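Student: Could you take me through one part of this model in close detail? I would like to look at the place where the ligand sits.

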Amino acid sequence: MIFTEEHEALRKTVRDFVEKEINPHCDEWEEAGEFPARELFKKLGNLGILGIQKPEEYGGMGLDYSYNLVAAEELGTAQCGGVPLAIGVQTDMCTPAIARFGSDQLKREFLAPAISGDKIGCIGVSEVGAGSDVAGLTTNAKKEGDDYIINGSKMWITNSPKADFICLLANTSGGKAHSNKSLIVVPMNTPGITFSKHLNKLGMRSSETAQVFFDDVRVPQRNRIGAEGTGFMMQMVQFQEERLWGAANVIKALEMCIEKTIEYCRERKTFGTPLINNQVIHFRLAELQTEVEALRALTYQACELHVQGKDVTKLASMAKLKAGRLGREVTDSCLQYWGGMGYMWENQLSRAFRDVRLVSIGGGADEIMLGIICKLMGTLPGKRKE
Ligand SMILES: Cc1cc2nc3c(=O)[nH]c(=O)nc-3n(C[C@H](O)[C@H](O)[C@H](O)COP(=O)(O)OP(=O)(O)OC[C@H]3O[C@@H](n4cnc5c(N)ncnc54)[C@H](O)[C@@H]3O)c2cc1C
């Protein structure tokens with residue numbers, strides 16, 4: 001992947017934003033279990049960071065996905081994972097399908113204000129009984145005149161308590177599970193929508209997560225993205241960018257863990273010598289840095305082919321899998337070298353250890369990534385293509 005001056009300028013803009021607007025407040029926001037999303041998103045919108053890859057017609061920068069990747073990578077320098085996650089939901093999880101398949105009206109009503117930072121979005125796929133098994137979801141949208149009447153609930157929805165709209169995957173007919181679903185954009189102030197209290201999470205504490213309930217929620221059918229019954233397919237496409245974003249966002253976060261651990265191990269002495277002088281430690285950190293470079297190469301390769309318009313389902317799934325697995329390995333190993341300090345709640349390694357754990361679960365667990373990779377390798381039993 002070759003980065004131009006424009007990539008580097010964007011990288012600097014995002015990096016400066018993280019240093020000035022996010023990092024000084026991370027401890028406070030983590031403690032509070034929320035951050036001022038409306039204020040922060042408006043500032044990001046003013047800089048164009050919420051619409052890097054989105055069409056200029058709706059206020060975006062009209063750049064290709066490689067610029068998005070650079071922004072995701074730099075957001076990884078935040079000293080908490082929760083705020084970047086909330087931003088990633090807005091840019092790469094709840095708006096790609098609207099941008100790619102939505103009507104002009106939907107784009108004007110929801111995409112343009114999501115790009116300018118005037119509206120906050122969330123993505124509603126998972127349910128209490130259907131996380132990995134997306135096809136098994138039961139929230140339904142029944143037609144009544146020109147409207148849909150929505151009933152059901154969505155679980156673990158990031159940004160939902162402050163969101164203005166949800167990009168909702170629901171069953172719009174009783175047909176086969178992969179062809180009976182539609183993506184519908186639902187304004188969150190529609191009567192019949194209620195929330196659970198904030199869910200108490202292991203990590204990503206500064207992002208807000210809740211369960212969302214739909215009780216006879218009426219929305220016009222024109223709020224559906226694309227054709228009826230194509231929602232599952234569109235969500236699978238939308239997942240590609242979510243997974244690439246997730247992988248890119250982890251790279252610098254893991255490098256920071258390694259750098260901070262090196263600094264700590266230079267200072268901390270045991271048996272009269274700095275910890276870093278133990279070969280078991282400096283070798284391990286070198287090995288982890290090598291693995292991070294491998295993750296970077298894989299993620300860049302997936303991104304480059306995605307920019308060329310190729311189907312990167314396999315590579316994006318591999319990058320997401322590797323990011324989750326490596327995230328656990330790096331944070332666990334680094335935390336170990338911080339000893340008792342690493343076990344303290346406020347310690348940055350402890351926070352990274354808790355935050356990064358989500359990567360192996362959210363947006364498709366590691367095992368789901370393995371299933372997709374196997375399917376595309378032709379090794380999934382019963383699915384083999386000769
Ligand atoms: C902090 C947080 C934020 C989230 N934000 C959102 C959001 O904004 N929007 C949204 O829609 N969802 C969101 N999610 C939900 C997330 O995507 C799901 O938790 C995830 O897809 C896993 O689903 P599940 O929890 O139901 O796990 P399950 O489907 O119950 O699976 C449990 C575990 O079983 C294993 N497993 C599952 N299936 C298989 C299999 N076939 N073979 C082998 N092993 C398997 C995996 O290890 C998996 O982790 C969020 C979750 C969290 C924790």
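Student: To begin with, how far is an oxygen atom of the ligand from a polar backbone atom of Gly 131?

Tutor: Happy to help, and please keep in mind that this is a predicted model. The distance between that polar backbone atom of Gly 131 and an oxygen atom of the ligand is 3.5 Å. Taken alone, the ligand would expose 970 Å², and 63% of that is buried by the protein.

Let us turn from the oxygen to nitrogen. Trp 156 brings a backbone N or O atom to 2.8 Å from a nitrogen atom of the ligand. Thr 158 uses its side chain: a polar atom there lies 2.8 Å from a nitrogen atom of the ligand. Trp 156 and Thr 158 are also listed among the closest residues to the ligand, along with Ser 126, Ser 132 and Glu 367.

Now for the shell as a whole. The ligand is surrounded by 17 residues. Sorted by class, eight of the shell residues are nonpolar, seven are polar and two are charged. As for where they come from, strand 3, spanning 147–158, and helix 13, spanning 366–377, each contribute at least two residues to this shell. Strand 3 provides the largest share, with three residues.

It may help to set this site beside another part of the model, the second largest pocket. That pocket holds about 150 Å³ of space. Its lining includes Arg 15, Glu 19 and Asn 23, as well as Thr 77 and Gln 79. Also in the lining are Lys 252, Glu 255, Met 256, Glu 259 and Lys 260. Two elements give two or more residues to this lining: helix 1 (5–22) and helix 8 (231–267). Helix 8 supplies the largest share, five residues. By class, the lining of the second largest pocket has six charged residues, three polar ones and one nonpolar, whereas the shell around the ligand has two charged residues.

One last stop is a single loop residue. Asn 347 is found in the loop that runs between helix 11 (339–342) and helix 12 (348–356). Asn 347 counts as buried because its relative accessible area is 11%, and the cut-off for buried is under 20%. If you want a sense of distance across the model, the C-alpha atom of Asn 347 is 36 Å from that of Met 188, and the two residues are 159 apart along the chain.

Definitions and conventions:
Residues are numbered from 1 along each chain as its sequence is written. This is a predicted model: local features need pLDDT of at least 70, side-chain atom pairs count only at pLDDT 80 or more; totals for chains, interfaces and linings use all residues. Side-chain values use heavy atoms; hydrogens and water are left out. A residue is near a molecule or strand if one of its heavy atoms lies within 4 Å of it. A polar contact is a pair of N or O atoms within 3.5 Å; within protein, one must be able to donate a hydrogen and the other to accept it, and residues adjacent in sequence count only if both atoms are side-chain atoms. Accessible areas come from the Shrake-Rupley method with a 1.4 Å probe; for residues, only the protein chains shown count as cover. Helices (H or I, at least four residues) and strands (E, at least two) are DSSP runs, numbered from the N terminus. Ala, Val, Leu, Ile, Met, Phe, Trp, Tyr, Cys and Pro count as nonpolar, Asp, Glu, Lys and Arg as charged, and the others, Gly among them, as polar. On a 1 Å grid over the protein atoms alone, a cavity is a set of points where a 1.4 Å probe fits but cannot get out, and a pocket is an open set with protein on both sides within 12 Å along at least five of seven lines; lining residues have an atom within 4 Å of a point. Grid points are joined across faces, edges and corners, and a volume is the space filled by probe spheres set on the points. Buried means under 20% relative accessible area, exposed over 50%, partly exposed in between (1.4 Å probe, protein chains only).
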